[in-house]
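Here is a walk through one protein model, with the sheet up front and the cores, rings and loose ends after it. Have the structure open while you read.

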Amino acid sequence: MINTPDNRGPEGITVHNMKVLMGDSAFLIDTGSHTILYDSGFGFTGFQVAEKIKAYLKERPLDYIFLTHSHYDHALGSAYILRYYPNAKVVAGEYAAGIFKREGALRVMKELDNTHALSHGVTDYPFLGSELRVDIPVKDGDIVTVGDLSFEVLNLPGHTKCSVGYYCKEKKLFLGSETLGVYNGDYDIFPSYLVGYQMALDSMDRVSAYDIEYLLAPHMGILSTEETKFFLANMKKASVSFAENIVRMLSEGKTTEDVIDDFKARFWHGSAVELYPLAALRLNTTIMTDLIKKELMGIS
């Protein structure tokens, strides 16, 4: 079980790590009057995440669950947490809300969650994918009001088509998306554009225009003001640099397997080893390589 220290966010807000495993993504935002769970982790850890939330909140309610996208390691846990907090309002993009209704998508979530569960010795748990729900489907520009705070929704496609972020102007706080890249600590960012390279860069440009002092990063948690500055200044550079490296390697006759080895050597260290299972690294790097072939090299 992961028990990293809680992190303090902007004045009047605390952010608490509710992860059970490194690969989970679940952080509780406490404004003093209201609570928001930012992403919800895997399905097979969902009940344990709920227990951690309950231990912190005691008799207080969980008011909202903000989901960044529909991937199982971010969204599936919400179905389990809702067993504990059925009155919590789930907020997610309209596109994600549609995905949760697809039998094929739920089947893939189950397969991926089961595979990851087995890698941690978990073999017996219920699959609650059919209980996934979105109470407040949002689109770009919508405002979600939480007490005296407001969160602007930004569509940020690139990692997935359904990826969104949430910006709180009052606190200069941005609840991020993997489209921007994944922060690996130690001032390291690895790219994660899985449905579109240029659309990911466009999403980064959008975010760069906002006045952000605190970034809540998927999987990692609240970044310090210095880490936030670094991330915003370098997220696009990291994605562009990796794309240019793919073009160079393929132009030199290297293979996708070579690109995977290069990605592993550059990024698969520290927390990324637990955060990013090798099978996922291979799959995602292959997808990114195919995107670069298509978008920058004209190879379909």
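## The sheet

Strand 9 (residues 149-155) and strand 10 (residues 164-168) run antiparallel and are joined by four bridges. If you want a landmark there, Glu152 has Tyr167 in strand 10 as its bridge partner. This is a predicted model, by the way, and these two strands belong to an open sheet of six with mixed pairing, in the order 8-9-10-11-14-15. Strand 8 (143-146) and strand 15 (221-222) sit at the edges with a single partner strand each, so each has one side without a neighbour in the sheet.

Where does the parallel part come in? Strand 11 (residues 173-175) runs parallel to strand 14, and three bridges join them. Leu175 has Leu216 in strand 14 as its bridge partner. On the way to the edge the sense flips again: strand 14 and strand 15 are antiparallel, paired over two bridges. Leu216 turns up here too, standing opposite Ile222 in strand 15.

## A closer look at strand 14

In a regular strand, side chains alternate between the two faces of the sheet. Strand 14 (residues 214-217) shows how that plays out: Tyr214 and Leu216 point one way, Leu215 and Ala217 point the other way, and all of them are buried.

Strand 14 and strand 15 form a hairpin with three residues between the strands, and that is where His219 takes a positive phi near 70 degrees.

## Two nonpolar cores

Nonpolar side chains tend to be buried together in soluble globular proteins. The largest nonpolar core here has 40 residues, and the members that touch the most others are Phe174, Phe190, Tyr193, Val207, Phe231, Phe242 and Phe263. Among the elements that give it two or more residues are strand 14, helix 6 (197-208), helix 8 (256-267) and helix 10 (278-297). Helix 7 gives the most, with eight residues. Take Phe231 as an example: leaving out residues up to four places away in sequence, Phe231 touches Leu180, Gly181, Tyr183, Ile189, Leu215 and Leu223. Apart from this core lies another, of 38 residues, which includes Ala26, Phe42, Leu132 and Cys162.

Helix 7 (residues 225-251) also holds Ser239. Is Ser239 buried or exposed? With 1% relative accessibility, Ser239 counts as buried. Neighbours within four places in sequence aside, Ser239 is in contact with Pro191, Tyr193, Tyr197, Leu201 and Met204. One of these, Tyr193, is also among the core members that touch the most others.

## Aromatic pairs

How many aromatic pairs does a search of the whole structure find? The count is 18. One of them is Phe47 with Tyr80, an edge-to-face pair at 5.1 Å centre to centre and 80 degrees between the planes. Phe47 is in helix 1 (residues 46-57) and Tyr80 is in helix 3 (residues 77-84), so this pair ties together parts 33 residues apart in sequence. The two rings don't share an environment: Phe47 is partly exposed at 29% relative accessibility, while Tyr80 is buried at 1%.

Phe47 has a second partner in Tyr84. Their ring centres are 6.2 Å apart and the planes meet at 40 degrees, so this pair counts as tilted. Here too helix 1 is linked with helix 3, so parts 37 residues apart in sequence are tied together. Tyr84 itself is partly exposed, at 30% relative accessibility. Elsewhere in the list of rings, Phe42, Phe44, Tyr72 and Tyr125 form one aromatic cluster, and Phe42 is also a member of the 38-residue core.

## Cysteines and confidence

How many disulfides are there? Zero, going by sulfur atoms within 2.5 Å of each other. Cys162 is buried at 3% relative accessibility, and Cys168 is buried as well, at 0%.

On confidence, the protein averages a pLDDT of 94, and 97% of the residues score at least 70. The stretch to watch is residues 1-5, where the pLDDT is below 50. That stretch does have 10 contacts in the model beyond near neighbours in sequence. Still, where pLDDT is low, the predicted coordinates should not be read in detail.

Key
Residues numbered from 1 in each chain as written. Heavy atoms only, no water. Phe/Tyr/Trp six-rings, centres within 6.5 Å; stacked < 30°, edge-to-face > 60°. Buried < 20%, exposed > 50% of the residue type's maximum accessible area, 1.4 Å probe, protein only. Pairing = 2+ DSSP bridges. pLDDT = per-residue confidence, 0-100. Contact = heavy atoms within 4.5 Å. Core = buried A, V, L, I, M, F, W, Y, C linked by side-chain atoms within 4.5 Å.
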